[in-house]
Amino acid sequence: SNMFRDVFNSDVSMKSLPLINLKYMNTNQVEWRLGIEIYKSNEYIKGDTNGENNSTITGKNRFKESQAALYPGIAYHFSPTNILDVYCGVEVPFGWNRLNNISEYSAKNQEQATSTQKNAFFFGLGGFIGLQAFIADLPIAIGFEYGISSRFDLGLKYKMVSTNGSKTQTSYTLDSEQFKHLEVNSYDTYSKLNARKGEIGSQFRLTLSYYFK
């Protein structure tokens, strides 16, 4: 359900790979599963501009962002038949969000560079119940899952490194979008910072499954 926000958001130019569940039926009632959700973006520009006294300033900007989430889990199906399938299970989601934004400028006898980095990690534990029905005699089933899941996010900060010639300065700022209930300013800088959060909530999924024999 959380991917629907980006599907209908015109400001998001690159959509994430929808949650795909790979399932393996160990027996008629035990199912092992692995959910996968991936997003990646890469932007790069380089060019020359004219500075003072007809000098040339060369600039490079690179932006990389990647997100990945894995949902390993196990489910137990109560009925061995394929008419109406009721099951329940648990999953242990985990993943990461990495960002690297680098700007470099060089002119005669002068070089400047700034970098912004983020390395966030999350993990959790969830339980769910599901119901699915098979379409006629086809190996296709449509279903619905509902569950409760916990999530703990670590490393919700940006590391900023600024270099001007031989001088280097390191500071940290908050990922303020992750802290909407606290009075924080994304422009505040820290010499040392620890930022994390946890939450428990419900989730639902509409499923479309194809089973290989």
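Phe 123 sits in strand S6. The model is predicted. Phe 123 is partly exposed, since its relative accessible area is 38%, a value between the cut-offs of 20% and 50%. Pro 93 lies 30 residues away along the chain, yet the two C-alpha atoms are separated by 5.6 Å. Pro 93 also appears among the contacts of Phe 123. Beyond the neighbours within four places in sequence, Phe 123 further touches Phe 94, Ser 150, Arg 151, Phe 152 and Leu 154.

Next comes strand S7, which covers residues 140-154 and holds Asp 153. Is Asp 153 buried or exposed? Asp 153 has a relative accessible area of 6%. The cut-off for buried is under 20%, so Asp 153 counts as buried. The side chain of Asp 153 makes a polar contact of 3.0 Å with the side chain of Arg 151. Arg 151 is also one of the residues in contact with Phe 123. Not counting residues up to four places away in sequence, Asp 153 touches Phe 121, Phe 122, Arg 196 and Lys 197.

Strand S8 runs over residues 157-164 and includes Ser 162. Ser 162 is partly exposed, at a relative accessible area of 34%. Its contacts outside four places in sequence are Ala 113, Thr 114, Lys 167, Thr 168 and Gln 169. Asn 185 is 23 residues from Ser 162 along the chain, and their C-alpha atoms are separated by 20 Å.

The three residues compare as follows.

| Residue | Strand | Relative accessible area | State |
|---|---|---|---|
| Phe 123 | S6 | 38% | partly exposed |
| Asp 153 | S7 | 6% | buried |
| Ser 162 | S8 | 34% | partly exposed |

Now the nonpolar core. Which residues form the largest one? Seven do: Ala 120, Leu 156, Tyr 172, Leu 174, Phe 179, Leu 193 and Ala 195. Tyr 172 from this core has contacts beyond four places in sequence with Lys 157, Tyr 158 and Lys 159. Tyr 172 also touches Asp 188, Thr 189, Tyr 190, Ser 191, Lys 192 and Leu 193. Leu 193 is itself a member of the core.

Last, a pocket. The second largest pocket holds about 160 Å³ of space. Strand S5 (94-107) and strand S6 (110-134) each give two or more residues to its lining. Among the lining residues are Tyr 105, Ser 106, Ala 107, Gln 110, Glu 111 and Gln 112. Gly 51, Glu 52, Ser 55, Ile 57 and Lys 108 line the pocket too. By class, the lining has three nonpolar, five polar and three charged residues.

How values were computed:
Residues are numbered from 1 along each chain as its sequence is written. This is a predicted model: local features need pLDDT of at least 70, side-chain atom pairs count only at pLDDT 80 or more; totals for chains, interfaces and linings use all residues. Side-chain values use heavy atoms; hydrogens and water are left out. A nonpolar core is a set of buried Ala, Val, Leu, Ile, Met, Phe, Trp, Tyr and Cys residues joined through side-chain atoms within 4.5 Å. Buried means under 20% relative accessible area, exposed over 50%, partly exposed in between (1.4 Å probe, protein chains only). Contact means heavy atoms within 4.5 Å. Helices (H or I, at least four residues) and strands (E, at least two) are DSSP runs, numbered from the N terminus. A polar contact is a pair of N or O atoms within 3.5 Å; within protein, one must be able to donate a hydrogen and the other to accept it, and residues adjacent in sequence count only if both atoms are side-chain atoms. On a 1 Å grid over the protein atoms alone, a cavity is a set of points where a 1.4 Å probe fits but cannot get out, and a pocket is an open set with protein on both sides within 12 Å along at least five of seven lines; lining residues have an atom within 4 Å of a point. Grid points are joined across faces, edges and corners, and a volume is the space filled by probe spheres set on the points. Ala, Val, Leu, Ile, Met, Phe, Trp, Tyr, Cys and Pro count as nonpolar, Asp, Glu, Lys and Arg as charged, and the others, Gly among them, as polar.
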